[in-house]
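I opened this entry to look up empty space, buried positions and nonpolar packing. My notes follow in the order I took them.

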Amino acid sequence: MNLLLLLPLLLPVCSGVPIDRQQEPKEEAQEESVDTGLYYDRYLREVIEVLETDPHFREKLQTANTEDIKSGRLSKELDLVGHHVRTRLDELKRQEVSRLRMLLRAKLDSTNTQSVQMDHASLLKQFEHLDPHNQNTFEAKDLELLISTATKDLENYDAERHEEFKRYEMLKEHERREYLKSLDQEKREQEERRMEELREKHRQHPKVNAPGSVAQLREVWEETDGLDPQEFNPKTFFKLHDTNEDGILDEQELEALFTKELEKVYDPKNEEDDMMEMEEERLKMREHVMNNVDLNRDRLVNLEEFLKFTQKKEFNSNKEWETLDSKAVYTEEELRRFEAKLQIKEEELRRRKETLQEEQELLKERGKALEAQRKEYQQAVMEMSQRHRDQQQTHKPEGAAAEAPNSNVLPAEPPQNLPLHT
């Protein structure tokens, strides 16, 4: 099971079986690559990895229940971990505080408030996953805050994904309508017919079984596992799809079960099928199963919960799953509000673009002026150099000038027929 995806409960540690690192190195590497989506994911990951190295803390995790972990009672065991573990946790916290300070500085810089004196202690209070009053050591309160904050954030994570998908769909519809407005009447009618044909083609798909139903699981049993559907066994099915053999099905293992149903509706090769919609469908399927099977709401399904669900009436229901195309994701009022906000943002971007263009023109003009200045200075320097050379030629010393014309005259010959001296 993925440790970090469900970290707020730390249940993968307390209920998972040890992993043979020599036999399954690829599985280990795969789990480490998962990101919770939280902005403090790395800090979260590293704290848990360090805590797992302490034998005492790991032993306490193995005997702790969900309430012990979520209530923070387990955090008190931090006082008993080894010195090297505490030292490493202190180091991790100081690194996280330093990272948050850098984020705050970047945020202030982006809002042109560089001159404001920063009170880091006050600003750090907006981050709930650590104790801002103690920025140097990792204490029990830090672990308690980390667990409670991650629990809350991950519980809201699915809701945020739904909102993000709704915004995606509204933007897609807005762009569709704007595109149609840009066409003349004849082309608009043709395009509307083409779009409706694509929507209708998407709706024509085989029956989609309700996720978690016996029909859906039998289909996986037969087509994915290659087993006889008449010999379907819930306990065997659970063990087959508990891929890391930790005794529970996490959210990723559950979502993998829905692939066959999703392939009935979505094909990446088809123009009419949107893969973003497929992922939203997968999320809704997982939520549906969790709501029916996850009795203790720990975002995990253990064998006992799974077997209890197979005894319920809903498990044997043949009800078809209602796909996204069967109901509206948003209302017209929501779309109008979204378009109004979009228009405001577009206007802000337009003004910003104009400002940047004006600044760019000013920079160009300034660049031209600087270039002209440079050329003027360069010309002045050349002229000064030329005048200096001319002056050197004009003011040479007189001796040097007098010697110049006689430099090529030969010495005079001695007079001829002089008397000889004896």
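I began with the largest pocket, and sorted its lining by class: 14 charged residues, eight nonpolar and one polar. The model I am reading is a predicted one. The volume of this pocket came out at about 870 Å³. I then asked which residues of the lining lie nearest the centre of the largest pocket. They are Glu169, Lys172, Glu173, Arg199 and Glu277, out of 23 lining residues.

Next I looked up which elements build that lining. Helices α8 (140-181) and α9 (185-203) each give at least two residues to it. The largest share belongs to α9, with six residues.

I turned to enclosed space. I found two cavities of 30 Å³ or more in the structure. The largest cavity holds about 60 Å³. For its lining I noted Gly212, Leu217, Leu254, Leu257, Phe258, Val289, Val293, Phe306 and Phe309. Two or more of the lining residues come from each of α14 (275-293) and α15 (303-309). By class, I wrote down eight nonpolar residues, one polar and no charged for the lining of this cavity.

I went back to α8 for one residue, aspartate 158, which lies in that helix. Is aspartate 158 buried or exposed? Its relative accessibility is 7%, and the cut-off for buried is under 20%, so I entered aspartate 158 as buried. I then checked what its side chain meets, and found a polar contact of 2.7 Å with the side chain of arginine 286. Setting aside neighbours within four places in sequence, I listed Leu283, Arg286, Glu287 and Arg299 as the residues in contact with aspartate 158.

Last came the nonpolar cores. The largest has 29 residues, and the members that touch the most others are Tyr43, Val47, Leu51, Phe57, Leu89 and Phe138. At least two residues of this core come from each of α3 (41-52), α4 (55-63), α6 (83-110) and α8. Another core, of 27 residues, lies apart from the largest one; I noted Val220, Tyr266, Met285 and Phe309 among its members. Phe309 had already appeared in my list for the lining of the largest cavity.

I picked one member of the largest core, phenylalanine 138, for a closer look. What does phenylalanine 138 touch, not counting residues up to four places away in sequence? My list reads Tyr43, Val47, Leu78, Arg86, Leu89, Asp90, Lys93 and Leu143. Of these, Tyr43, Val47 and Leu89 are also among the core members that touch the most others.

Methods:
Residues numbered from 1 in each chain as written. Predicted model: local features only at pLDDT ≥ 70, side-chain atom pairs only at ≥ 80, totals over all residues. Heavy atoms only, no water. 1 Å grid on protein atoms, 1.4 Å probe; cavity = no way out; pocket = protein on both sides within 12 Å on 5 of 7 lines; lining within 4 Å. Points joined across faces, edges and corners; volume = space filled by probe spheres on them. Helix = DSSP H or I, 4+ residues; strand = E, 2+ residues; numbered from the N terminus. Nonpolar A, V, L, I, M, F, W, Y, C, P; charged D, E, K, R; others polar. Buried < 20%, exposed > 50% of the residue type's maximum accessible area, 1.4 Å probe, protein only. Polar contact = N/O pair within 3.5 Å; in protein donor to acceptor, adjacent residues only side chain to side chain. Contact = heavy atoms within 4.5 Å. Core = buried A, V, L, I, M, F, W, Y, C linked by side-chain atoms within 4.5 Å.
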